Amino acid sequence: MSMRSQRGISLVELMISITIGLILMTGVVQLFLSSRATFSTQQALSRVQETGRLGMEFLADDIRMAGYMGCMSRNLNFHNTLNNASDLQYDFGVAIEGLNDVGATPDAEYPATILEGTDALVVRSAGGNSVGVTQNNDSAQLFAQNTGVTATCDAGEDSFSGLCENDILVVSDCSKARVFQVTNLQATSGSAVEINVVHSGVSSVEPGNAETSWGGNSNPEETFGPDSEIIKMNTSIYYIANGTSGLPSLWQQINGGTAQELLEGVQDMQLLYGRDTTGDNVPDAYENADTITTANAWEDVSAVRVQLLVQSTDDNVLEDPQPYTFNGVTNNAPGDRRLRQVFINTVGIRSRLP
């Protein structure tokens, strides 16, 4: 067969085709990589903003309710009947307090895992549904409504009206309040709509009651009747610690129990407390926790300014390292290419504002 009858692609044509294909593939790959980088950055930004929003929401909800004890207003008669009433978990006379720039070893009673240089916040208040008191209390118990609601309690503990045995409760009317630990819950004999909330005897868990007998006499400061309500008391600690992934996270510990990791990627938290020093219920100055050293000074706090530094959970989402300024300090060399954003919010304590 003569060469002139051959038909096909010459080597030169093949090389030209491959070159053109490579140029087109390079463009497609560049477009893919650019789209992927944009997607990663936008996804990181969305997660950072969502983390910051939720973090502020968690903190603000508790800060607003600090010191809440039903209809009892601030500066009215309050009495704590618990043992160890000045311990961090049980000092319900101090509605809010905290630590500034925690050291390598956090203060006693605080979680040991708090990251050095971050702040911690303690909020104490009543929470959950209230249970109405049905008649005047006696020296060993209060009488409350049986709402038919049960709670998830520890093994062997009875539950009525959403309460558990060994819960720390507050009973309050609009002029006074008392904090105590319930040692026994039971239905009132012959009644399906009333329960006995007993505070006498010895509790099976800490702290127990230093005063086991009060009420049932003519002293109005110890009498709680049908105009009163019973609510569970909580002490919440918010702090920054390394999470399960190794990244800093926002944590919450309630009533000394097992801490819960709320939000991954919260790198730092700094707090300033707005104190009312003139008695007009308006903050006059914002100070860190180091300058507020007494219970009376904490009583003057009517607002908290919260600053959160949130970082993306993934590295290399930016082309270059991102300098940032947090709490008045600029970091020009963060050492990674994570996306960071600062969130600032000032939250008022409802019971302490005009």
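How many bridges pair strand 14 and strand 16, and in which sense? In this predicted model, the two strands are joined over nine bridges and run antiparallel.

## The four-stranded sheet

Strand 14 and strand 16 belong to an open sheet of four strands, in the order 15-14-16-19 and with antiparallel pairing. Strand 15 (285-287) and strand 19 (340-348) stand at the edges; each has a single partner strand, so one side of each is left without a neighbour in the sheet. Direction ignored, neighbouring strands of this sheet are turned by 25° against each other on average.

Strand 16 (residues 301-311) also pairs with strand 19, again in the antiparallel sense and over nine bridges. Within strand 16, 10 of the 11 residues are buried, and the strand is therefore mostly covered, given that burial requires under 20% relative accessible area. As for the register, Val266 stands opposite Val310 in strand 16. Towards strand 19, Gln307 stands opposite Ile344, and Leu309 is placed opposite Val342. In general, strands of a sheet pair through backbone hydrogen bonds, either parallel or antiparallel.

## Strands 11, 12 and 13

Strand 12 (residues 248-254) pairs with strand 11 on the one hand and with strand 13 on the other. The pairing of strand 11 and strand 12 is antiparallel and extends over seven bridges, with Ile240 opposite Leu250 in strand 12. Their hairpin has five residues between the strands, and Gly246 takes a positive phi near 95° in it.

Strand 12 and strand 13 (residues 260-264) run antiparallel and are joined by four bridges. Ser249 stands opposite Glu264 in strand 13. These two strands likewise form a hairpin with five residues between them, in which the turn residue Asn255 has a positive phi of about 55°. Strand 12 is mostly covered, six of its seven residues being buried.

Trp251 is found in strand 12. Is this residue buried or exposed? Its relative accessible area is 14%, so Trp251 counts as buried. Leaving aside neighbours within four places in sequence, the contacts of Trp251 include Ile237, Tyr238, Tyr239, Ala241 and Asn242, as well as Ala259, Gln260, Glu261 and Leu262. A polar atom of the Trp251 side chain lies 3.2 Å from the backbone oxygen of Ala241. The C-alpha atoms of Trp251 and Glu264, 13 residues apart along the chain, are separated by 9.0 Å.

## Aromatic pairs and charges over rings

The model contains three aromatic pairs under the ring-centre criterion of 6.5 Å. Among them, the rings of Trp214 and Phe224 have centres 6.2 Å apart and planes at 80°, so this pair is edge-to-face. Both residues lie in the loop between strand 10 (194-198) and strand 11 (229-242), so the pair ties together parts that are 10 residues apart in sequence. Trp214 counts as buried because its relative accessibility is 1%, and Phe224 is buried with a relative accessible area of 0%.

Tyr273 and Trp298 also form an edge-to-face pair. Tyr273 lies in strand 14 (residues 266-275) and Trp298 in helix 2 (residues 295-299), so this pair ties together parts that are 25 residues apart in sequence. Both Tyr273 and Trp298 are buried.

| Aromatic pair | Centre to centre | Angle between planes |
|---|---|---|
| Trp214 and Phe224 | 6.2 Å | 80° |
| Tyr273 and Trp298 | 4.9 Å | 90° |

Phe180, Trp214 and Phe224 form one aromatic cluster. Lys176 lies over the face of Phe224, at 4.7 Å from the ring centre. Elsewhere, the charged end of Arg305 sits over the ring of Tyr286, 3.9 Å from its centre.

## The surroundings of Gln181

Gln181 is placed in strand 8 (residues 176-181). Why does Gln181 count as buried? Its relative accessibility is 0%, and therefore the residue falls in the buried class. The side chains of Gln181 and Ser203 are joined by a polar contact of 3.4 Å. Not counting residues up to four places away in sequence, Gln181 touches, among others, Leu82, Asn166, Asp167 and Ile168, and also Val198, His199, Val205 and Glu206. Further residues touched by Gln181 include Pro207, Gly208 and Asn209.

Key
Residues are numbered from 1 along each chain as its sequence is written. This is a predicted model: local features need pLDDT of at least 70, side-chain atom pairs count only at pLDDT 80 or more; totals for chains, interfaces and linings use all residues. Side-chain values use heavy atoms; hydrogens and water are left out. Buried means under 20% relative accessible area, exposed over 50%, partly exposed in between (1.4 Å probe, protein chains only). A polar contact is a pair of N or O atoms within 3.5 Å; within protein, one must be able to donate a hydrogen and the other to accept it, and residues adjacent in sequence count only if both atoms are side-chain atoms. Contact means heavy atoms within 4.5 Å. Rings of Phe, Tyr and Trp (its six-membered ring) pair if their centres lie within 6.5 Å; planes under 30 degrees apart count as stacked, over 60 as edge-to-face and the rest as tilted. A charge sits over a ring if NZ of Lys or CZ of Arg is within 6 Å of the ring centre and within 35 degrees of the ring normal. Two strands pair if DSSP finds at least two bridges between them. Axes are lines fitted to C-alpha atoms, for helices over the stretch in contact, and angles run from 0 to 180 degrees between N-to-C directions.
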